[in-house]
Amino acid sequence: MSSSVTTTVGGVMVVTHVHPAPQGTERQHVGIQKFMKAWPLALGTVQIMIGLMVLLFGIAMVVNADTLGVYSGAFVWGALIYITAGSLTVAAGKSKNLCLVNGALALCVMAAVASCIATILYSLDAAGLSNRCRYYGYDFGSGSYGCYLYKIRMQGFSGILVVFHFLELVVSITVSGFACCAAYNSSSEPPSFVVVPGDVAVTPYAPPSVQTPLLSAPPTGQVKTVKL
């Protein structure tokens, strides 16, 4: 939206028209191009697949399981966050909308935090630090064959889930970095203005002067009335 600025210099009135430069769309386009360099369609698909695999392996582990990963429910809320973040990343890559890019940034940050927590929990399970010898509802001694099979199975599932959650952590950080760069490039440049001189001719302008009538002294014996 243009505006006019009027200034008076040395008795001369100058009118200047100011037109803002239309560069908001161009900045958004540059930011979207930064985000597209991360291959959001491919990375979003990887996030969705990781979420599905985490959910399936978690369901397989939940039967008679006694691990930190199962008790924390990371295979449920982690999978939901991964699938949601991946879906939003794919949508942002298809539509090339800055609002969706910001949404993907927020969800990927949440996915990175969730995957970091899940990686720590399942790493403890894979190392055998949190597994107790509970097999089909019965407790066995540390040297029994049933306890050995139980630990091997739980550590194997936990190790696979560590790989999936760590991969999700890497993908989420990558998408978050490119999305943050896109958001920064879309709003970092300060607004500029293009000054175009007006088409109105410049005319001299002088303030009106107040003329004071001069009163002459009337002759002696005469009174002269002056009407103002």
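1. Throughout this note, buried means a relative accessible area under 20%, exposed means over 50%, and partly exposed lies in between, with a 1.4 Å probe and protein chains only. By that scale A79 counts as buried, because its relative accessibility is 1%.

2. On the basis of the model: it is a predicted one, in which local features need pLDDT of at least 70 and side-chain atom pairs count only at pLDDT 80 or more, while totals for chains, interfaces and linings use all residues. Residues are numbered from 1 along each chain as its sequence is written, and side-chain values use heavy atoms, with hydrogens and water left out.

3. On confidence: pLDDT is the predictor's confidence in each residue, from 0 to 100. The mean pLDDT of the protein is 74, and 60% of its residues reach 70 or more. Over residues 190–206 the pLDDT stays under 50, and for this stretch the model has 29 contacts beyond four places in sequence, where a contact means heavy atoms within 4.5 Å. Where pLDDT is low, the predicted coordinates should not be read in detail.

4. On the overall make-up: the protein has 6 helices and 5 strands, these being DSSP runs numbered from the N terminus, with H or I over at least four residues for helices and E over at least two for strands. Read from the N terminus, the order of elements is β-β-α-α-α-α-α-β-β-α-β. Of the 228 residues, 31% count as buried, and the accessible surface comes to about 14000 Å², of which 69% belongs to carbon and sulfur atoms; these areas come from the Shrake-Rupley method with a 1.4 Å probe, and for residues only the protein chains shown count as cover. Among contacts between residues at least 6 apart in sequence, 75% join residues at least 24 apart.

5. On the core: a nonpolar core is a set of buried Ala, Val, Leu, Ile, Met, Phe, Trp, Tyr and Cys residues joined through side-chain atoms within 4.5 Å. The largest one in this protein has 34 residues, of which F35, V54, Y82, V101, Y122 and L161 touch the most other members. Two or more residues come to this core from each of α1 (24–36), α2 (40–61), α4, α5 (98–126) and α6 (145–187), and α6 gives the largest share, 9 residues. In soluble globular proteins, nonpolar side chains tend to be buried together. Leaving out residues up to four places away in sequence, Y122 touches M61, G69, V70, A74, F75, S158, L161, V162 and H165.

6. On helix α4: its 22 residues (74–95) should span 32 Å at 1.5 Å a residue, and the 31 Å between its end C-alpha atoms agrees with this; the expected span is 1.5 Å times one less than the number of residues. The buried residues of α4 are A74, F75, G78, A79, I81, Y82, A85, G86, T89, V90, A92 and G93. They cover an arc of only 165 degrees around the axis, so they sit on the same side of α4, the arc being that of the directions from the helix axis to the C-beta atoms. The face turned away from this buried side carries the exposed residues L80 and K94.

7. On A79 in particular: this residue of helix α4 is in contact with G51, V54, L55 and A74, once neighbours within four places in sequence are left aside. Its C-alpha atom is separated by 9.6 Å from that of H165, although the two residues are 86 apart along the chain.

8. On helix α2: this helix also has 22 residues, and its reach of 31 Å from first C-alpha to last is close to the 32 Å expected at 1.5 Å a residue. P40, L43, G44, Q47, I50, G51, V54, F57, G58 and M61 are its buried residues. Seen down the axis, they fall within an arc of 155 degrees, and therefore line one face of the helix.

9. On two buried serines: S115, in helix α5, counts as buried because its relative accessibility is 0%, and S115 touches Y82, H165, E168 and L169, not counting residues up to four places away in sequence. S172, in helix α6, is likewise buried with a relative accessible area of 0%, and, with the sequence neighbours up to four places away again not counted, S172 touches Q47, C108, A111 and A112.

10. On the loop residue K96: found between α4 and α5, K96 has a positive phi of about 55 degrees although it is not a glycine. Most residues other than glycine have a negative phi. With a relative accessible area of 44%, K96 is partly exposed.
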